[in-house]
Amino acid sequence: MAFSQVSGIPWMAENSKAEDRVNLFSLHFALMTGSNVSGNLLGGFLNDGFSLFLDNVNSIRLTLIIGRLFFLSGQSLRLSSRRSFQ
């Protein structure tokens with residue numbers, strides 16, 4: 001996630017007009033903050049839900065696997081949209 005943050009900021013600066021950058025960066029950071037909050041909440045709720053049926057280690061493991069699937073699906077969408085700009 002940190003890599004996409006670091007590489008995304010120069011890309012947005014390069015592909016936007018100077019007068020649009022403040023709004024673009026504000027929207028980007030707001031979306032990233034909201035995504036981080038909702039991802040942490042979902043991870044916590046999933047872990048709590050799975051711990052009702054599994055032991056603690058396996059509930060954390062299953063939650064991390066689901067989180068990895070969300071991350072990989074988002075990365076594949078990001079990479080496919082990046083190809084369409086080139």
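In which helix of the chain is confidence lowest, and in which is it highest? The structure is a predicted model, and its mean pLDDT bottoms out in helix H1 (residues 2-14), at 72. Helix H2 (residues 21-50) sits at the other end of the scale, with a mean of 90. Taken over the whole chain, the average pLDDT is 84, and 86% of the residues score at least 70. Where pLDDT is low, the predicted coordinates should not be read in detail.

As for the overall layout, the chain has 3 helices and 0 strands. Walking along from the N terminus, the order of elements is simply α-α-α. Not much of the chain is tucked away by the usual count: 10% of its 86 residues are buried. The accessible surface adds up to about 6800 Å², and carbon and sulfur atoms contribute 68% of that area. When contacts with a separation of 6 or more are considered, 29% of them link residues 24 or more positions apart.

Next comes the spot where helices H2 and H3 can be looked at together. Thr-63 belongs to helix H3, and it counts as buried because its relative accessibility is 11%, below the 20% cut-off. Which residues does Thr-63 touch, leaving out those up to four places away in sequence? The answer is Gly-43, Leu-46, Asn-47 and Phe-50. Leu-42, for its part, is found in helix H2. The C-alpha atoms of Leu-42 and Thr-63 are 9.2 Å apart, although 21 residues separate the two along the chain. Unlike the buried Thr-63, Leu-42 is partly exposed, since its relative accessible area is 39%.

A second pair can be followed in the same way. Val-57 is another residue of helix H3, and with a relative accessible area of 52% it is exposed, as the threshold for that label is anything over 50%. From Val-57 to Asn-47 the distance is 9.8 Å, C-alpha to C-alpha, with their positions 10 residues apart in sequence. Asn-47 has already turned up among the residues that Thr-63 touches.

What about the surface? A nonpolar patch is formed there by Leu-52, Phe-53, Leu-54, Leu-62, Ile-65 and Leu-69. Together, these residues have about 630 Å² of accessible area. One of them, Leu-54, sits in the loop between H2 and H3. Is Leu-54 buried, partly exposed or exposed? Its relative accessibility is 36%, so Leu-54 counts as partly exposed. Apart from neighbours within four places in sequence, Leu-54 is in contact with Ser-59 and Leu-62, and Leu-62 is itself a member of the patch. Leu-69, also in the patch, is located in helix H3, which covers residues 56-85. Leu-69 counts as exposed because its relative accessibility is 55%.

Terms used: Residues are numbered from 1 along each chain as its sequence is written. This is a predicted model: local features need pLDDT of at least 70, side-chain atom pairs count only at pLDDT 80 or more; totals for chains, interfaces and linings use all residues. Side-chain values use heavy atoms; hydrogens and water are left out. Patches are made of residues with over 30% relative accessible area and no salt bridge: like charges are joined within 9 Å, nonpolar side chains (Val, Leu, Ile, Met, Phe, Trp, Tyr) within 5 Å. Accessible areas come from the Shrake-Rupley method with a 1.4 Å probe; for residues, only the protein chains shown count as cover. A salt bridge is a side-chain nitrogen of Lys or Arg within 4 Å of a carboxyl oxygen of Asp or Glu. Helices (H or I, at least four residues) and strands (E, at least two) are DSSP runs, numbered from the N terminus. Buried means under 20% relative accessible area, exposed over 50%, partly exposed in between (1.4 Å probe, protein chains only). Contact means heavy atoms within 4.5 Å. pLDDT is the predictor's confidence in each residue, from 0 to 100.
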